[in-house]
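Open the model in your viewer and keep the selection panel at hand. The tour goes stop by stop.

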Amino acid sequence: MEILPKSNGIFYPSSEKELSKMFKKFARKIVNFNSHLIIVPHAGYEFSGKIAFNTYQYLDRDVSNIIVIAPAIYKKVSGFVSCDVETFATPLGSVKILPYNAEIRNDLFEIEPSFSVQLPFIKYFYPNASVIPILYGCEDYNNITELISSNIENSAIIIASNLSRFIPEKESLKLDAETIRKIANLQIEDLDMELADGAIGICGAIEYAKSNGLKFVKTAHSNSAKFNEDTSNVVGYGGWYLTQ
């Protein structure tokens with residue numbers, strides 16, 4: 001069974017030609033390909049695609065499994081859920097799926113863009129890789145830290161999160177500056193959903209970094225007002241990669 005995500009043609013172009021053209025515009029030269037964990041946004045590519053694309057470029061290319069850890073936003077869930085379809089369709093070809101040992105909810109993954117917008121990037125950078133999909137709701141971030149610790153040596157891990165959401169730009173910039181500071185200083189105190197919809201995933205990744213003497217490097221930060229000029233209802237976006 002293959003799923004065509006609802007985000008196809010809405011969050012990113014549905015044609016291979018248009019998507020490939022967009023990725024070529026996004027690309028810049030990256031030297032470091034060593035990271036096994038990144039934090040990336042999950043908005044439409046016109047808003048956050050360049051940040052996500054250039055953050056993906058820091059991932060180690062020699063892994064065959066990609067774990068996507070994303071917040072369930074469209075429908076609330078409790079704990080972890082996964083899916084067990086064979087493939088997801090993207091404009092660049094099908095992405096193979098390996099289910100995680102959790103409740104199976106294929107219906108959620110079809111509609112959840114926090115997960116599905118990652119798939120074209122993964123197919124582009126890892127054409128033969130398998131994706132292990134995980135959505136979470138009210139989850140203890142320590143469980144995400146444990147998940148990362150158990151898998152990071154042999155997998156690349158994607159933490160999906162947007163930053164501040166649907167507030168005036170002045171307030172958005174203030175909140176995003178606070179989130180950027182917390183991630184740089186590996187602080188999880190008060191890092192909640194007001195600052196990032198994937199705050200639980202980010203906190204889990206920060207705890208892993210602290211325990212292993214690692215740090216996060218920011219690749220970029222922007223917000224929706226830079227693209228649509230609407231300063232009254234702004235969403236923030238940022239990218240980070242984990243490194244020594």
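Contact here means heavy atoms within 4.5 Å. Helices (H or I, at least four residues) and strands (E, at least two) are DSSP runs, numbered from the N terminus. This is a predicted model: local features need pLDDT of at least 70, side-chain atom pairs count only at pLDDT 80 or more, and totals for chains, interfaces and linings use all residues. Residues are numbered from 1 along each chain as its sequence is written, and side-chain values use heavy atoms, with hydrogens and water left out.

**Helix 1**

Select residues 16-26. L19, F23 and F26 are buried (under 20% relative accessible area, 1.4 Å probe, protein chains only; exposed is over 50%, partly exposed in between). They sit on the same side of helix 1, because they cover an arc of only 55° around the axis (taken from the directions from the helix axis to the C-beta atoms). What covers them includes helix 2 (45-56) and helix 5 (119-125). Now turn to the face away from the buried side: K17, E18, K21, K24 and K25 are exposed there.

**Strand 12**

Select residues 234-243. Of these 10 residues, 9 are buried. Strands count as paired if DSSP finds at least two bridges between them. Add residues 215-223: strand 11 runs antiparallel to strand 12, with 8 bridges. V217 stands opposite Y241. Next add residues 37-40. Strand 2 is also antiparallel to strand 12, joined by 2 bridges, and I38 stands opposite Y241. Finish with residues 165-167: 2 bridges join strand 10 to strand 12, again antiparallel. Here I167 has V234 as its bridge partner.
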